[in-house]
Amino acid sequence: MAIDLQKLTEGRIDFEGQKKVERISRSTLVTATVLSFLIGFILQSLRVTFAIFGISAIALLIVVVPPWPAYNRHPIQWLTPKVKEV
């Protein structure tokens with residue numbers, strides 16, 4: 001049970017997955033900011049503005065925080081260490 005919890009919270013993703021997460025985060029946050037501002041401005045409601053942005057931020061967290069398998073499709077192949085003989 002503890003090992004499963006550790007795997008869930010460890011969050012190992014590769015470099016390509018990090019790039020993908022960054023692109024998703026940036027585009028989602030910019031889009032959510034613009035949409036929430038426009039809709040809030042049209043409706044003249046700060047509550048609507050913050051609600052739309054908050055829901056978007058929570059949805060973004062669900063998408064990018066867990067280490068989904070899509071973020072680990074290009075694992076790094078590390079070299080084996082060389083043993084020096086004395």
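1. Start with how helix 2 and helix 3 run relative to each other: they are roughly antiparallel. Keep in mind that you are looking at a predicted model. The axes of helix 2 (residues 15-43) and helix 3 (residues 46-64) cross at roughly 165 degrees, and angles over 145 degrees count as roughly antiparallel, so that is the label this pair gets. The two axes come within 8 Å. In case you wonder about those two numbers, packed helices are described by the angle and the distance between their axes. As for handedness, helix 2 passes helix 3 in a right-handed crossing.

2. Now for who meets whom. On the helix 2 side the contact includes Val 21, Ile 24, Ser 25, Thr 28, Leu 29 and Ala 32, and further along Phe 37, Ile 39, Gly 40 and Leu 43. Their partners in helix 3 include Val 48, Ile 52, Phe 53, Ser 56, Leu 60, Val 63 and Val 64. Sorted by class, this contact has 13 nonpolar residues, 7 polar ones and no charged ones.

3. Ser 25 is worth a click. This residue of helix 2 has a relative accessibility of 17%, and since buried means under 20%, Ser 25 counts as buried. If you skip its neighbours within four places in sequence, Ser 25 is in contact with Leu 60 and Val 64. Both of those belong to the helix 3 side of the contact described above.

4. How many aromatic pairs does the structure hold? Just 1. The pair is Phe 37 with Phe 41: their ring centres are 5.9 Å apart and their planes sit at 20 degrees, so the pair is stacked. The two residues are 4 apart in helix 2, which means about one helical turn separates them. Buried or exposed, these two? Phe 37 and Phe 41 are both exposed. Phe 37 also appears among the helix 2 residues that meet helix 3.

5. Next, look at the loop between helix 2 and helix 3, where you will find Gln 44. Its phi is near 55 degrees, a positive value in a residue that is not glycine. At 63% relative accessibility, Gln 44 counts as exposed.

6. Jump to Tyr 71, in the segment after helix 3. Tyr 71 is buried, with a relative accessible area of 5%. What does it touch, not counting residues up to four places away in sequence? The list is Ile 13, Asp 14, Gly 17, Lys 20, Val 21, Ile 24, Val 63, Val 64 and Pro 66. Some names here should look familiar: Val 21 and Ile 24 in helix 2, and Val 63 and Val 64 in helix 3, also take part in the contact of the two helices.

7. Ala 70 is in that segment after helix 3 too. At 29% relative accessibility, Ala 70 counts as partly exposed. Try tracing the chain from Ile 13 to Ala 70: they are 57 residues apart along it, but their C-alpha atoms are separated by 8.9 Å.

8. Two other C-alpha distances are good practice with the viewer. Tyr 71 and Gly 40 are 31 residues apart in sequence and 34 Å apart in space. Gln 18 and Gly 54 are 36 residues apart in sequence, with 23 Å between them in space. Gln 18 is found in helix 2 and, at 40% relative accessibility, counts as partly exposed.

Notes:
Residues are numbered from 1 along each chain as its sequence is written. This is a predicted model: local features need pLDDT of at least 70, side-chain atom pairs count only at pLDDT 80 or more; totals for chains, interfaces and linings use all residues. Side-chain values use heavy atoms; hydrogens and water are left out. Axes are lines fitted to C-alpha atoms, for helices over the stretch in contact, and angles run from 0 to 180 degrees between N-to-C directions. Angles under 35 degrees count as roughly parallel, over 145 as roughly antiparallel, 65 to 115 as roughly perpendicular and the rest as oblique. A crossing is left-handed if the near helix is turned anticlockwise from the far one by less than a right angle, and right-handed if clockwise. Contact means heavy atoms within 4.5 Å. Ala, Val, Leu, Ile, Met, Phe, Trp, Tyr, Cys and Pro count as nonpolar, Asp, Glu, Lys and Arg as charged, and the others, Gly among them, as polar. Rings of Phe, Tyr and Trp (its six-membered ring) pair if their centres lie within 6.5 Å; planes under 30 degrees apart count as stacked, over 60 as edge-to-face and the rest as tilted. Buried means under 20% relative accessible area, exposed over 50%, partly exposed in between (1.4 Å probe, protein chains only).
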